[in-house]
Amino acid sequence: MPGPPRGCHRSIKKPSSSSALEKTVPNVFSGFAADSFLFFQELAHHNQKAWFDDNRARYDQHVVGAFRGLLEALTPTLVKLNPHFEVGGKTNGNFSRINRDIRFSKDKSPYKPNYYLYAYDGRKERGHTGRLYVGLSAECVTVGFSIYGSWKGSKGTLETLFRRRVEANHELFDSLLARIVRARKYETYWHREEKDEWTQHPGLPRRPEDWQTLHAWVVRKVFLPNSRGLAAPAFAQTVERIFTQLYPLVVFTSVATPKWEAEIRKALKR
């Protein structure tokens with residue numbers, strides 16, 4: 001199973017640190033400027049521990065610092081959308097790890113080429129539910145919604161809730177796709193394991209059976225390094241707007257309360 005949604009092509013997820021280190025990172029979001037992208041551009045050519053240790057201050061400021069500032073800016077909106085959203089700022093919670101697990105991988109590169117912020121229901125495991133996210137790589141920033149199937153252990157909401165809800169409430173789901181994905185021109189793609197290969201398909205599934213067999217679904221906006229407003233504090237407001245627009249998809253795929261339809265109607269009015 002692949003990691004979080006990656007890449008910036010339109011065709012078609014913090015290292016171990018002490019709490020003391022985290023407290024030294026300023027929680028002020030200034031946008032994603034050139035230094036944020038430059039760190040990952042150089043990491044691609046120097047993916048070694050010695051280089052990372054020498055450049056840790058850059059990582060703490062332009063990657064970790066930027067994301068912690070962004071989470072702080074987003075927190076009022078997130079808890080308004082869903083009071084159960086995780087906003088504690090923990091690694092492997094709101095934030096991805098920069099360190100790769102290389103124990104069973106042929107690729108021994110110690111660091112990932114990206115970093116992610118996630119907003120998800122803190123009562124569930126992050127990988128078992130639909131979530132909102134912001135991702136940074138050398139090529140772009142992506143902001144969107146994603147849901148993945150569970151490959152080990154207990155099943156997540158994609159298998160236990162989403163597939164059943166699509167089948168039983170297809171008219172409501174079709175209206176959400178038309179109102180959110182198509183009307184707002186979000187890029188979307190989905191994955192399925194086919195002949196032992198993880199295959200990506202652009203656009204939305206076209207057949208009902210595809211919704212029942214897909215293993216991942218991503219809806220997102222892509223912002224290139226020169227995108228207007230990306231390097232400014234106001235980009236947090238852009239993320240807020242996208243999260244608000246996509247939150248009904250979180251409800252449909254992952255919220256199991258009896259009043260989930262009413263919650264979707266409420267979310268659509270925001």
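Q: Axes are lines fitted to C-alpha atoms, for helices over the stretch in contact. In this predicted model, within how many Å do the axes of H6 and H9 come?
A: Two packed helices are described by the angle between their axes and the distance between those axes. For H6 (170–182) and H9 (260–268), the angle part is a crossing at roughly 15°. As for the distance, the axes of H6 and H9 come within 13 Å.

Q: How do H6 and H9 run, roughly parallel or roughly antiparallel to each other?
A: Angles under 35 degrees count as roughly parallel, while those over 145 count as roughly antiparallel. The axes of H6 and H9 cross at roughly 15°. That puts the pair under the first cut-off, so H6 and H9 are roughly parallel.

Q: How many nonpolar residues are there in the contact of H6 with H9?
A: H6 goes past H9 in a left-handed crossing. On the H6 side, Leu172, Leu176, Arg179 and Ile180 make the contact, and on the H9 side Trp260, Glu261, Ile264 and Leu268 do. Sort the residues of this contact and you get no polar ones, 2 charged ones, and a nonpolar count of 6.

Q: What word describes how H2 and H4 lie to each other?
A: Helix H2 covers residues 34–43 and helix H4 covers 56–81, and their axes are 8 Å apart. The packing angle is about 130°, which is not under 35, not over 145 and not in the 65 to 115 range, so it belongs with the rest. H2 and H4 are therefore oblique.

Q: How many charged residues are in the contact of H2 with H4?
A: H2 passes H4 in a left-handed crossing. H2 brings Asp35, Ser36, Leu38, Phe39, Phe40 and Glu42 to the contact, while H4 brings Arg58, Tyr59, His62 and Val63. In the contact of H2 with H4, 5 residues are nonpolar, 2 are polar, and the charged ones number 3.

Q: How do H4 and H8 run, roughly parallel or roughly antiparallel to each other?
A: The axes of H4 and H8 lie 10 Å apart, and the helices pack at about 30°. Under 35 degrees counts as roughly parallel. So H4 and H8 are roughly parallel.

Q: How many nonpolar residues are there in the contact of H4 with H8?
A: This time the crossing of H4 past H8 is right-handed. Leu70, Ala73, Leu74, Thr77, Leu78 and Leu81 of H4 meet Ala236, Val239, Glu240, Phe243, Thr244 and Tyr247 of H8. In the contact of H4 with H8 there is 1 charged residue, there are 2 polar ones, and the nonpolar number is 9.

Q: Which element gives the most to the largest nonpolar core?
A: The largest nonpolar core holds 65 residues, and Phe32, Val134, Val141, Trp217 and Phe243 have the most contacts inside it. With 11 residues, the element giving the most to this core is H8.

Q: Where is tryptophan 217 found, and is it buried or exposed?
A: Under 20% relative accessible area counts as buried. Tryptophan 217 has a value of 0%, so it is buried. Its C-alpha atom is 28 Å from that of alanine 234, though they're 17 residues apart along the chain. So tryptophan 217 is buried, and it is found in strand E6.

Q: What separates the C-alpha atoms of arginine 220 and threonine 142, in Å?
A: Arginine 220 also lies in strand E6. Its relative accessible area is 1%, so arginine 220 is buried. Along the chain, arginine 220 and threonine 142 are 78 residues apart, yet their C-alpha atoms are separated by just 6.5 Å.

Q: What is the phi of lysine 185, about how many degrees?
A: Most residues other than glycine have a negative phi. Lysine 185 sits in the loop between H6 and strand E4 (187–194), and at 70% relative accessibility it counts as exposed. Although lysine 185 is not a glycine, its phi is positive, at about 55°.

Q: Is lysine 195 buried or exposed?
A: Lysine 195 is in the loop between E4 and strand E5 (197–202). Phi of lysine 195 is positive too, near 55°, in a residue other than glycine. Over 50% counts as exposed. Lysine 195 has 83% relative accessibility, so it counts as exposed.

Terms used: Residues are numbered from 1 along each chain as its sequence is written. This is a predicted model: local features need pLDDT of at least 70, side-chain atom pairs count only at pLDDT 80 or more; totals for chains, interfaces and linings use all residues. Side-chain values use heavy atoms; hydrogens and water are left out. Axes are lines fitted to C-alpha atoms, for helices over the stretch in contact, and angles run from 0 to 180 degrees between N-to-C directions. Helices (H or I, at least four residues) and strands (E, at least two) are DSSP runs, numbered from the N terminus. A crossing is left-handed if the near helix is turned anticlockwise from the far one by less than a right angle, and right-handed if clockwise. Contact means heavy atoms within 4.5 Å. Ala, Val, Leu, Ile, Met, Phe, Trp, Tyr, Cys and Pro count as nonpolar, Asp, Glu, Lys and Arg as charged, and the others, Gly among them, as polar. A nonpolar core is a set of buried Ala, Val, Leu, Ile, Met, Phe, Trp, Tyr and Cys residues joined through side-chain atoms within 4.5 Å. Buried means under 20% relative accessible area, exposed over 50%, partly exposed in between (1.4 Å probe, protein chains only).
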